[in-house]
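Reader: Hey, got a minute to walk me through this one? I'd like to get my bearings before I go back to the bench.

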Number of protein chains: 2
Amino acid sequence: MNFSDPFFKQVMDISNQVKIKDKFGLMDHSSITIAGMGGSGVSGRIFSSLYGKEPVNVVDGYDLPDFVDKNTFFIAESYSGNTEETLSVVEKARERGITIHSVTSGGKLAGMSDEVIRIPVGLQPRESLGYLLMPLLNTFQTDEVNDSNLGSAISSAFSMSDEIGSLANEIVESDRIPYILSWEPFASLSYRFKTQFNENSKMFAISHSLSEQNHNELVPMALNRKMKERFFYLCVEGDMNSRNARRMDMVESISGVNFHRIRAKGNTRLEKLIYLIHYIDILTVQVGILGNYDPEDVRVLENLKKDLSKH
Amino acid sequence: MNFSDPFFKQVMDISNQVKIKDKFGLMDHSSITIAGMGGSGVSGRIFSSLYGKEPVNVVDGYDLPDFVDKNTFFIAESYSGNTEETLSVVEKARERGITIHSVTSGGKLAGMSDEVIRIPVGLQPRESLGYLLMPLLNTFQTDEVNDSNLGSAISSAFSMSDEIGSLANEIVESDRIPYILSWEPFASLSYRFKTQFNENSKMFAISHSLSEQNHNELVPMALNRKMKERFFYLCVEGDMNSRNARRMDMVESISGVNFHRIRAKGNTRLEKLIYLIHYIDILTVQVGILGNYDPEDVRVLENLKKDLSKH
């Protein structure tokens, strides 16, 4: 695998991003609301699967639920600071007198916020996951962060390049659509995996989580032989001791499908998560390169934003 | 379309189910947690997209988040009353001294609950959506229910049988995988649609919501010509006045994909929702029949449950 691709360099840079110590000042609150879209919003999804001390409400749209008020710890995540939906939510939060915390490289969002954590410009949102995620972990969950050796989790993912390269080849040669399963507390990875296939590899993908999948999508997987052969099955194994690991074996035996298993490395939940995120990033970038796509090219999304701003 | 199929009869029966007046006694609470899987859990997802007065946390797994305590209004939804994951969550809630509300036809769950709303036996979970959803709406959101004419929303969906039949034919003849988009407050329908394709039609499906889709899956839709032709594009139009309706037009122009648009009928949000749910149910049953599958046959899920109970 040729790690000189500019996108790989950005991904490797996340090992520096996870060292940032920035955090928001804590204030009394009854729940947390995190607003953000796409590559910026995924940090909220990951945080909410790691954090269980209070209700965490992830908003990925234009509207702010009625219950969000001055007692809510409100954080807006927008790499550019100009995401239309996120600015709409922030505007509504301001009208309700809510304190606005934000993580952003600038844009209109910075000027609308009471407290801003500024992150460097010049990246794409999905290349800045460390910058976007760490302020959440630093503010609310200091224990796990201190225990972790996040930089080495990232190096550890890069050391798997032979395995990842051969999996990337297999996926491209299969000409199939990726189908991804994972489970709590790593279920948000299944969604990150799907969106990285979308953006880096320019491929569609299905993501689902266990055990919910056993209540619906197991049906076509077991019964629709023709359609089942259109997918390349991947499983992200974060927690191997859970009841869902047992279900995974049964999914394979009932459906006759073999999943390619991607197994976590690391000691803490956070180390495993960071390892898996990077494994997924490297894999989807490599699949894009093998498919003759530019992993960095998401002009189509940028053009949409420009067109929308005219109307 | 031949409505004598037993599954259609069950679906039509939901027009009676929505008349039930059962509700739980209200108690002081700071948030609502609804636990449930698959066809039973979808009622919680739909409720949470309609209800914004307090945080609603939908649990679809074995674990109960740490913040759920005696101040939480806790409801378990399990048609059979024997869903392994839901019983695990209820057990954890009992250990924390939380009052257990449940909607169920019986099983172990009924015996573990402080307050039970019992619903008739002999259906499948996805055939009993009215029974599962109405207690939530009746308890927390009486206004919208009183304004609605839900039975006629259902008849109205059945009156579309010619249109639905021809769409079902198109889907089956295309031999493509359904791809479904919707947006708030109807975004939960996209997931219901996917799972009904899974169970009724024995087909895989991708479900996504706007505007989040514009931040990731629009990329392969615009750039991967070969893969894009593998999908049959459906859009559920609940709210035609939102910014997302505008985004829908732009998705089509950027990607060159034509979506088949399913438009809501009805006056209130709840009427539209019930109309769309039935449109989706009738369509996915008909697609199953045309594909020579038995829409009612989900033995594969039942076998999995039996196997799991042995280990």
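Author: Sure. This is a predicted model, and chain A is divided into domain 1 (6-146) and domain 2 (150-290).

Reader: OK, how far apart are the C-alpha centres of those two domains of chain A?

Author: The centres of domain 1 and domain 2 of chain A lie 26 Å apart. The contact takes 17 residues from domain 1 of chain A and 24 residues from domain 2 of chain A.

Reader: Which helices supply the domain 1 side of chain A there?

Author: Helix H1 (6-17), H2 and helix H6 (142-147) of chain A each supply at least two residues of the side that touches domain 2. H1(A) gives the most, with six residues. By class, that side of domain 1 of chain A has eleven nonpolar, two polar and four charged residues.

Reader: Switching to sheets. What's the strand order in the five-stranded one in chain A?

Author: That open sheet runs E2-E1-E3-E4-E5 in chain A, with parallel pairing. Strand E2 (56-59) and strand E5 (115-118) of chain A stand at the edges with a single partner strand each, so one side of each has no neighbour in the sheet. Neighbouring strands in this sheet are turned by 20° against each other on average, ignoring direction.

Reader: How many bridges are there between E1 and E2 of chain A?

Author: Strand E1 (residues 31-35) of chain A pairs with E2(A) over four bridges, in the parallel sense. Thr33(A) stands opposite Asn57(A) in E2(A).

Reader: And which strands does H2(A) lie across?

Author: H2(A) lies across E1, E2 and strand E3 (72-78) of chain A, at about 160° to E2(A). Helix H3 (residues 84-95) of chain A lies across E1, E2, E3 and strand E4 (100-104) of chain A, and it runs at about 155° to E3(A).

Reader: Now the four-stranded sheet. What's its order in chain A?

Author: The order is E7-E6-E8-E9 in chain A; this sheet is open, with parallel pairing. Its edge strands are strand E7 (206-210) and strand E9 (260-263) of chain A, each pairing on one side only. The average turn between neighbouring strands here is 25°, direction ignored.

Reader: What's the bridge partner of Leu234(A) in E9(A)?

Author: His260(A) is the partner of Leu234(A). Strand E8 (residues 231-237) of chain A and E9(A) pair in the parallel sense over four bridges.

Reader: Where does H9 of chain A lie?

Author: Helix H9 (residues 187-201) of chain A lies across strand E6 (177-183), E7 and E8 of chain A, running at about 160° to E6(A). Helix H12 (residues 243-255) of chain A lies across E6, E7 and E8 of chain A too, at about 125° to E7(A).

Reader: Last topic: what turn lays chain A on chain B?

Author: A turn of 180° with a shift of 0.0 Å along the axis does it, with an RMSD of 0.0 Å. The two copies are therefore related as by a two-fold rotation axis.

Reader: Which residue of chain A comes closest to that axis?

Author: Ile206(A) does, with its C-alpha at 2.9 Å.

Reader: How many residues of chain A are in contact with chain B?

Author: 52 residues of chain A are in contact with 52 residues of chain B. Helix H2 (38-50), H9, helix H10 (218-223), H12 and helix H14 (299-309) of chain A each give two or more residues to the chain A side. That side has 22 nonpolar, 15 polar and 15 charged residues.

Reader: And why do the copies meet through the same surface?

Author: Because 100% of the interface residues of chain A are also interface residues in chain B.

Technical notes. Residues numbered from 1 in each chain as written. Chains lettered and ligands numbered in written order. Predicted model: local features only at pLDDT ≥ 70, side-chain atom pairs only at ≥ 80, totals over all residues. Pairing = 2+ DSSP bridges. Axes fitted to C-alpha atoms, helices over the stretch in contact; angles between N-to-C directions. Contact = placed C-beta atoms within 7 Å. Least-squares fit on C-alpha atoms with pLDDT ≥ 70 in both. Nonpolar A, V, L, I, M, F, W, Y, C, P; charged D, E, K, R; others polar. Domains from an automatic or database assignment.
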